[in-house]
Amino acid sequence: MGRKGKAKPKWGVQQPSCIAPIKSNLTSHADKIFEVEPDVIEFNAYEVGGVYEMNVSLRNVSNASQYFFLSQLKFPADHGTIAPGMECQFTLRFCPDSLADYHDAFTIDSQAGRIKYPVAARRNPPSLTIPSVISVGPVALGNTRLTKIKFENLGGDGRFRIVPAAHWPDGIMQAPREVAKIDAFRIEPVFMTVGHGEETTLDITFAPTELGSQAVSIFLVCDNCQVMPIEIQGDAQDVDVTVQALDGHPPREGELDNALWFSEVSPGGSKTRTVLIKNETDMAFPFRWNRSRFPLLDELCSENSTRPIELDSKTLLQGTLESFEILPSEGEIHPRESIEFSIAFAPPFLGSFAQWARLMLDKTKSSMGDDPDPDYAPKYAHQAVNLEMLGLGVECPVTLEPCLISISGGITLGQKAVRKLKIDNSGGDAPAIFYFDDLDEEVTVVPCQGVIPPRSAMHVEVKVSGIELGSIERGLVCKVEHGPEILCTVSATVMGPRVRVLMPYLDFGLVRWGHCHSVEVELRNESSSCEARWEIVESSKGGYLSFEPSSGTIPADESTLIKAICRSTDEGKIEGTVKCISVQGGHSQHIRYLAEVIRAKIVMDRSEIDLGLAYLNVPITHQVVMTNVTSLSAEYRWNDEVLGDCDHMRVKMNPSSGVLDAGTSRTIEATFYPAKPCSQSEVIVVGDVVEAEAPAAISVKAEIHDLKVGICFVPKLKYEAIKREASQNACDFRNDTTALFPFGEPEYTSDDLCGGGKTSPLIDFGRTVALGDEVEIIMVVKNDGGIEAEVNLHFDEFGAEGLDQSSPYTGWLLLYKITNPEATYS
């Protein structure tokens, strides 16, 4: 064999200039020369039927040691030749002192020459997951941060050592053996043994003493002569947390030196301002706001105050911590993070308030690394921001509108008038709590208490009740919590109920004299709360108008009908006024009335009728026209009795009575019946017109003559002879009765017919009339008057007085003058 093995370097790092392999000096102790091999006598791998050899020896491990040895060379024969097909055996022992890769060779000398056969020893190299650049991150100046670097061996087993760059490669022997301290870094452990699949931790402590980024280099040397350079970095930073903006705007120069003024706020409200704070570092800091109280030593308001405040020298700012609130009050601000803090000022009462707020940071926790202590309690020792806050608690600016409530027109008993009252909190930034005092039955407020949100208004109802007649003057006091007492005056007049006449003008139109004309009048109680008593009295003289009823009571908000009666006692136009009085309230309303009283009046078209010559019992008919000259209908009735010579003449009017409409005419037939002959007769026909001042009348004058009729009875034979003679003489015997009345006078006159003559008319048929014979007598009637006379004949009664043939038959013949149907002459 005769040659030493050589270790092959890894990871591209220069080997140290030494004779022995690297690992013989670096991973083993240099003061050892001999060691027992193996350290542990233990068979770790075997199979049934296998044969293993293990030599225990005291090996020289110095630099002069050999790694491969040949021993027990055995030849097939003693002469040291090997025939064809024969072989020679020997034992090759490998004795490494490290885990490095070894390469060697042995040489065989033969007749053909020297043959060189390579020999090598190689194991599975370790493979670590440790990064080549390790950053421990930012650390606050003055703090110490421990960073644990965990890594795993994914390859074969190996032993490792940390060597600072300053000791590589010539100063290896002087390199630290317990803890590697390099500038602000502390690295431990220096020696590590990591088996396959195992994990270990490298502790790196960074304790900077100056600001800025820092870096050191180390070498991780493996016992297989592999070397890995590693750079460790750290950043030393100071705490840099600043205010970036106030209320969304960058702060003006010097603005943060003055107090933050929160202006005037009413108790219950709040004023909020925002402060944007940024962490300019790469470290996270737990924070907390600490607040404290201070008295007023300088001016209360800063330069940016919207309104100056004047307080005396004895005034101290109220320091209640409840007046200011900062959110979030605590937490953690992350690297390069900006947090907007909301600062709210909410004064609990009236007065001035001030507070100091300090943003305190814990910069220790940022140095605890990635695995902090869960039981760690923050230590807020670093002040980053200091703010002074001022505010003023003022009264709620509540107003009332209107300040005067006047109920125009008044209210009636029992009535409630409602008016709106506006409570205005539109200028306030806090809810306004209000309530009203000294309320009673007459004046109430609904609701009488409440809360008005900021910048808004509320309407309440002021109810005024009419309980007693008279005036109401009341001052409503609205009290506002943390605000003023505001006065609102309520004025009203309580009146009695008012009765209103819905027809203040009564026109009765045309009224018939002597009659009463009525109309209905509606009275209404305008009060919706109580009943009303009323009465009506006449204001003007005359007494023409009356009411039924003239007084009474009307329920609330209802109406009633009464009757107004106009009594027409005087003809002509009547007018006047009456007064409707509301008894409880004294209200009155005049009612004017007007009527035209008319009496009936009928005018005849003539006032007198001259009949001239009239004959007894011969009716004469004349037509007269009646005209109603008024605007009302007229009722008339003609009297049966006439005035004057009433026994001489009777009069009948047809129609004798009726109603004549206004402005119309009617024709009346007046029939006059002469009753007694008279050379000059005058009668007055009177027609009564109802309610007329004078009746209608017609004067009738006439000369009345009697009718002269003569009668004679002529046997038929004689009558026929006279008729024939008249025919021969060419004359009308009907008009020439000389033959019948030879002496020029009839046998019987009108007086005889009426029973006033000397004899009664007798028709004598003779006494020798045989039974069954017929005897005819012709009755001749002569009209001696100046007018025609119609005659009708009929038997009124007939019969026999006895059966004796010698007894005459008798009967009655009636003569009627048709000129007067009511006059019968027999």
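Biologist: In which order do the four strands of the open sheet that includes β35 stand?

Modeller: The order is β35-β37-β41-β39, and the pairing is antiparallel. Strands here are DSSP runs of E with at least two residues, helices are runs of H or I with at least four, and both are numbered from the N terminus. Two strands pair if DSSP finds at least two bridges between them. Please note that this is a predicted model, in which local features need pLDDT of at least 70 and side-chain atom pairs count only at pLDDT 80 or more, while totals for chains, interfaces and linings use all residues. Residues are numbered from 1 along each chain as its sequence is written, and side-chain values use heavy atoms, with hydrogens and water left out.

Biologist: Why is one side of β35 and of β39 left without a neighbour in the sheet?

Modeller: β35 (499-501) and β39 (545-548) stand at the edges and have a single partner strand each, so one side of each lacks a neighbour in the sheet. On average, neighbouring strands of this sheet are turned by 35° against each other, direction ignored. Such angles run from 0 to 180 degrees between N-to-C directions, with axes fitted as lines to C-alpha atoms, for helices over the stretch in contact.

Biologist: How many bridges join β37 and β41?

Modeller: Nine bridges link β37 (residues 516-525) with β41 (residues 559-567) in the antiparallel sense. Within β41, C566 stands opposite H517.

Biologist: How should one read the side chains along a strand, for example β12?

Modeller: In a regular strand, side chains alternate between the two faces of the sheet. In β12 (residues 191-194), M192 and V194 point to one face and are buried, whereas F191 and T193 point to the other and are not. Buried means under 20% relative accessible area, exposed means over 50%, and partly exposed lies in between (1.4 Å probe, protein chains only). β12 runs antiparallel to β9 (residues 158-164), to which four bridges join it. R161 stands opposite F191.

Biologist: Which residues of helix α2 are buried, and which are exposed on the other side?

Modeller: Y719, I722 and A726 are buried in α2. These residues cover an arc of only 65° around the axis, which puts them on the same side of α2; the arc is that of the directions from the helix axis to the C-beta atoms. L717, R724, S727 and Q728, on the other side, are exposed. The cover over the buried residues includes β54 (709-715) and β55 (777-783).

Biologist: What span does α2 have from its first C-alpha to its last?

Modeller: With 13 residues (716-728), α2 reaches 18 Å, close to the 18 Å expected at 1.5 Å a residue. The expected span is 1.5 Å times one less than the number of residues.

Biologist: Where is P378 found?

Modeller: P378 is in the loop between β23 (351-361) and β24 (382-393). P378 is partly exposed, with a relative accessible area of 37%. Its C-alpha is 8.8 Å from that of L361, although the two are 17 residues apart in sequence.

Biologist: What is the mean pLDDT of the protein?

Modeller: pLDDT is the predictor's confidence in each residue, from 0 to 100. The mean is 76, and 75% of the residues reach 70 or more. Over residues 40-49, pLDDT stays under 50, and the model has eight contacts beyond four places in sequence for them. A contact means heavy atoms within 4.5 Å.
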